[in-house]
Structure formats: C-alpha cells, structure tokens
Amino acid sequence: MKQDVTFTSSSHKPAQLILDTDMGNDIDDALALAMIHNLQARGECQLLGVTVSKDNLYAPAMVDAINTFYGNGEVPIGMVQNGATPVVGQFNRVIVERKTPDGHAQFPTTHPLGGYMPAVILLRRLLAHAHDHSVTLVLIGFCTNLYQLLRTPPD
C-alpha cells in the first residue's frame, strides 16, 4: 500500500547543501545545479555555496551564469587552487562568452571572470558558520577541493 507523505514547514527543514563540481566535462553538472536551484525554489534545500574542482576560469563562470539565471547570483563560488584538470571543456567558454545581438552577455554572471575565492577558503568559511552535522556536501567529479580541505590544519 502506497502512502503519500506531505512535508509542512513545521516538520521539514530544508537541507543545507554545498555543491562541489567539475563543471565542464559533461552536462550532468549543469543539470544537477539546475535541479538544486529548483529544489531551493520549492523550499526543499538551501544552496550555501558552490566549489569548482576544474582549474580554469570558465568553470566557475559557468556556475555563476547558472546561479544568476536562476536568480541566485549571490551564492558564493569557490575555485580550486592547483587543480589537476585545467582543460576548458566542451561548453563553458562558449556559454560564458556568448553575446546577444546588441553585444551583452547572453548568460550574465554576477562576478567578474576570475573573481572567485579559493575553494578551500569558501568551504572552511561555510562549514565554520554551520551547525555540526547540518550541511551536506554533494560532490560531482574530482574530489580535489575536499582533499585539499582535509589537509588544512584545524581552526
């Protein structure tokens, strides 16, 4: 027998998420981020930040464009330092640099290209301000940022 479950605001607290992505290798990362934004719009989660493990300027800019498209340009973005995958990828640069006929960005970003903080600093900041066991870290692709975070000394 199937039973329907309904969440109400009094019994359901949105999941707090940090997405770590290698945005640009495949389209799955863009779709996952879009899904997170839609879940956030429904009150199912709160996207605290996004860290990028792909070491080129267009990967976090692509994340920025998606965040901005969904009206969440204020979500902080961190970029890997000394990452192992500097290749631009199939679509990041094309989308970030795409212009309208009048010369404006087709998919605007909130931050300037390259204006992203180091991923480990962002992770430490977000986790330090969160209650213990309250944040879910969702990793897509390489675990470089998590590896670098775990190698830092404690506060």
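How many aromatic pairs does a search of the whole structure find? The search finds one. Phe69 and Tyr70 form that pair, in an edge-to-face arrangement. The model is predicted, and the protein chain averages a pLDDT of 92. An open sheet of five strands has the order 4-3-2-1-5, and the largest nonpolar core has 24 residues.

**Confidence**
- Of the residues, 93% score a pLDDT of at least 70.
- Residues 5-10 are a weak stretch, where pLDDT stays under 50. The model has one contact beyond four places in sequence for residues 5-10.

**The aromatic pair**
- A pair of aromatic rings is described by the distance of the centres and the angle of the planes.
- For Phe69 and Tyr70, the centres are 5.2 Å apart and the planes are at 80°. The angle is over 60 degrees, so the pair counts as edge-to-face.
- Phe69 counts as exposed because its relative accessibility is 58%, over the 50% cut-off.
- Tyr70 has a relative accessible area of 32%, so Tyr70 is partly exposed.

**The sheet**
- Strands of a sheet pair through backbone hydrogen bonds, either parallel or antiparallel.
- Here the pairing is parallel.
- Strand 4 (117-118) and strand 5 stand at the edges. Each has a single partner strand, so one side of each is left without a neighbour in the sheet.
- Strand 1 and strand 2 are joined by seven bridges. Strand 2 and strand 3 pair over three bridges.
- Val52 appears in two bridges: Val52 is the partner of Thr21 in one, and Met79 in strand 3 is the partner of Val52 in the other.

**Strand 1**
- Six of the seven residues of strand 1 are buried.
- Leu17 is found in strand 1. Its relative accessible area is 11%, so Leu17 is buried.
- Leu17 and Ile36 are 19 residues apart in sequence. Their C-alpha atoms are 8.7 Å apart in space.
- Beyond four places in sequence, Leu17 is in contact with Ile36, Cys45, Gln46, Leu47, Leu48, Gly49, Thr136 and Val138.
- Leu19, with neighbours within four places left aside, is in contact with residues including Leu33, Ile36, Leu47, Val50 and Ile140.

**Helix 1**
- Helix 1 covers residues 28-41, which makes 14 residues. At 1.5 Å a residue the helix should span 20 Å, and the end C-alpha atoms are 20 Å apart, so the two agree.
- Buried residues of helix 1 are Asp29, Ala30, Ala32, Leu33, Ala34, Ile36 and His37.
- These buried residues pack against strand 1 (15-21), strand 2 (45-52), helix 2 (58-69) and strand 5 (135-140).
- Gly43, just after helix 1, takes a positive phi of about 80°.

**Nonpolar cores**
- In soluble globular proteins, nonpolar side chains tend to be buried together.
- In the largest core, the residues with the most contacts inside it are Leu19, Met23, Leu33, Leu47, Val50 and Val63.
- Strand 1, helix 1, strand 2, helix 2 and strand 3 (77-79) each give two or more residues to this core.
- Helix 2 gives the largest share of this core, six residues.
- A second, separate core has seven residues, among them Val120, Leu122, Leu126 and Leu149.

How values were computed
Residues are numbered from 1 along each chain as its sequence is written. Side-chain values use heavy atoms; hydrogens and water are left out. Helices (H or I, at least four residues) and strands (E, at least two) are DSSP runs, numbered from the N terminus. The expected span of a helix is 1.5 Å times one less than its number of residues. Buried means under 20% relative accessible area, exposed over 50%, partly exposed in between (1.4 Å probe, protein chains only). Contact means heavy atoms within 4.5 Å. Rings of Phe, Tyr and Trp (its six-membered ring) pair if their centres lie within 6.5 Å; planes under 30 degrees apart count as stacked, over 60 as edge-to-face and the rest as tilted. A nonpolar core is a set of buried Ala, Val, Leu, Ile, Met, Phe, Trp, Tyr and Cys residues joined through side-chain atoms within 4.5 Å. pLDDT is the predictor's confidence in each residue, from 0 to 100. Two strands pair if DSSP finds at least two bridges between them.
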